[in-house]
Amino acid sequence: MKNKKPQQNDDLPIADLALFNQETSGIVPLKQDKIPPQRFSSKYISLNKQKNLAEHKQLKQVTASFIFSDGFEGYFNPDEKMKYVKPGTDSYEVKRLRRGDYSPELLLDLHGLKQEEAKHEIAALLHAAHKQHIHCVSIMHGIGKHILKKNVPNWLVQHPFVLGFHQAPAEWGGKSALLVLLDVPNSHKKS
């Protein structure tokens with residue numbers, strides 16, 4: 001194999017090419033670093049990371065497989081507006097829902113859906129809100145034959161993310177909707 005002389009570029013003047021060759025004459029190629037980055041095996045993962053991974057996996061499984069029971073019926077006082085406060089939750093937060101202090105960031109309209117479809121949509125809404133760290137959502141169940149109006153509250157009290165709910169103020173649907181307050185992990189509550 002012959003050593004080929006670099007071809008002269010017609011666009012470069014001979015003086016520029018000579019200057020370039022003079023400036024780059026002492027350059028040698030760098031040696032490549034061949035040390036691969038250290039990879040830790042799973043036994044070196046910290047216990048805290050393992051715990052977080054386990055909690056995340058469990059939460060994902062619960063969310064993905066959450067099934068609302070039709071056999072459960074909560075007691076809601078028929079003489080009052082529809083409301084619920086999860087035990088251990090500050091009832092003042094639900095009062096703030098009623099006053100309209102919280103604006104829903106996600107809205108779900110269940111009009112025209114069957115019960116099974118509505119259950120799946122509610123579960124998906126709650127999962128999406130939890131994933132996006134949304135604290136308040138609105139579920140519009142409508143009035144109609146009172147089927148969804150009666151069942152939606154019974155389903156919501158079963159879900160672990162729901163801290164409480166209240167009949168929506170007029171601007172968010174009134175008697176045909178609920179504002180739902182959700183548990184948002186590791187973030188400040190929005191108001």
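## Strand E3 and its surroundings

Strand E3 and strand E5 (residues 177-182) pair in the antiparallel sense, and five bridges join them. The structure is a predicted model, and this briefing looks at E3 together with its neighbouring strands, one of its residues, a helix and a cavity. Four of the five residues of E3 are buried, so the strand is largely enclosed by the rest of the structure.

**Strand partners of E3**

- On the E5 side, Ser138 of E3 has Leu179 as its bridge partner, which gives one specific place to look for the antiparallel pairing of these two strands.
- Strand E2 (residues 106-109) also pairs with E3, but here the sense is parallel and the pairing runs over four bridges.
- Within the pairing of E2 and E3, Leu106 has Val137 of E3 as its bridge partner.
- Between E2 and E3 the chain passes through helix H4 (residues 115-131), and the β-α-β crossover made in this way is right-handed.

**Val137 within E3**

- Val137 lies in E3, the strand that spans residues 136-140, and its relative accessibility is 0%; because buried means under 20%, Val137 counts as buried.
- Leaving aside residues up to four places away in sequence, Val137 touches Pro104, Leu106, Leu125, Ala129, Leu178, Leu179, Val180 and Leu182.
- Leu178, one of these contacts, is 41 residues from Val137 along the chain, while the C-alpha atoms of the two residues are separated by 8.4 Å.

**Helix H5 and what covers it**

- Helix H5 (residues 147-156) has 10 residues, of which seven are buried, so this helix is largely enclosed by the rest of the structure.
- The buried residues of H5 are Leu148, Asn151, Val152, Pro153, Asn154, Trp155 and Leu156.
- The elements that cover these buried residues include H4, E3, strand E4 (162-167) and E5.

**The cavity**

- Rolling a probe the size of a water molecule over the atoms shows where empty space is left.
- The count comes to one cavity of 30 Å³ or more, and the space in the largest cavity is about 40 Å³.
- The residues that line the largest cavity are Met82, His141, Lys149, Gln167, Lys175, Ala177 and Leu178.
- Sorted by class, this lining has three nonpolar, two polar and two charged residues.
- Leu178 therefore appears in two parts of this picture, because it is among the residues lining the largest cavity and it is also touched by the buried residue Val137.

Key: Residues are numbered from 1 along each chain as its sequence is written. This is a predicted model: local features need pLDDT of at least 70, side-chain atom pairs count only at pLDDT 80 or more; totals for chains, interfaces and linings use all residues. Side-chain values use heavy atoms; hydrogens and water are left out. On a 1 Å grid over the protein atoms alone, a cavity is a set of points where a 1.4 Å probe fits but cannot get out, and a pocket is an open set with protein on both sides within 12 Å along at least five of seven lines; lining residues have an atom within 4 Å of a point. Grid points are joined across faces, edges and corners, and a volume is the space filled by probe spheres set on the points. Ala, Val, Leu, Ile, Met, Phe, Trp, Tyr, Cys and Pro count as nonpolar, Asp, Glu, Lys and Arg as charged, and the others, Gly among them, as polar. Buried means under 20% relative accessible area, exposed over 50%, partly exposed in between (1.4 Å probe, protein chains only). Contact means heavy atoms within 4.5 Å. Two strands pair if DSSP finds at least two bridges between them. A crossover is right-handed if, with the strands pointing away from the viewer, the path from the first strand over the helix to the second runs clockwise.
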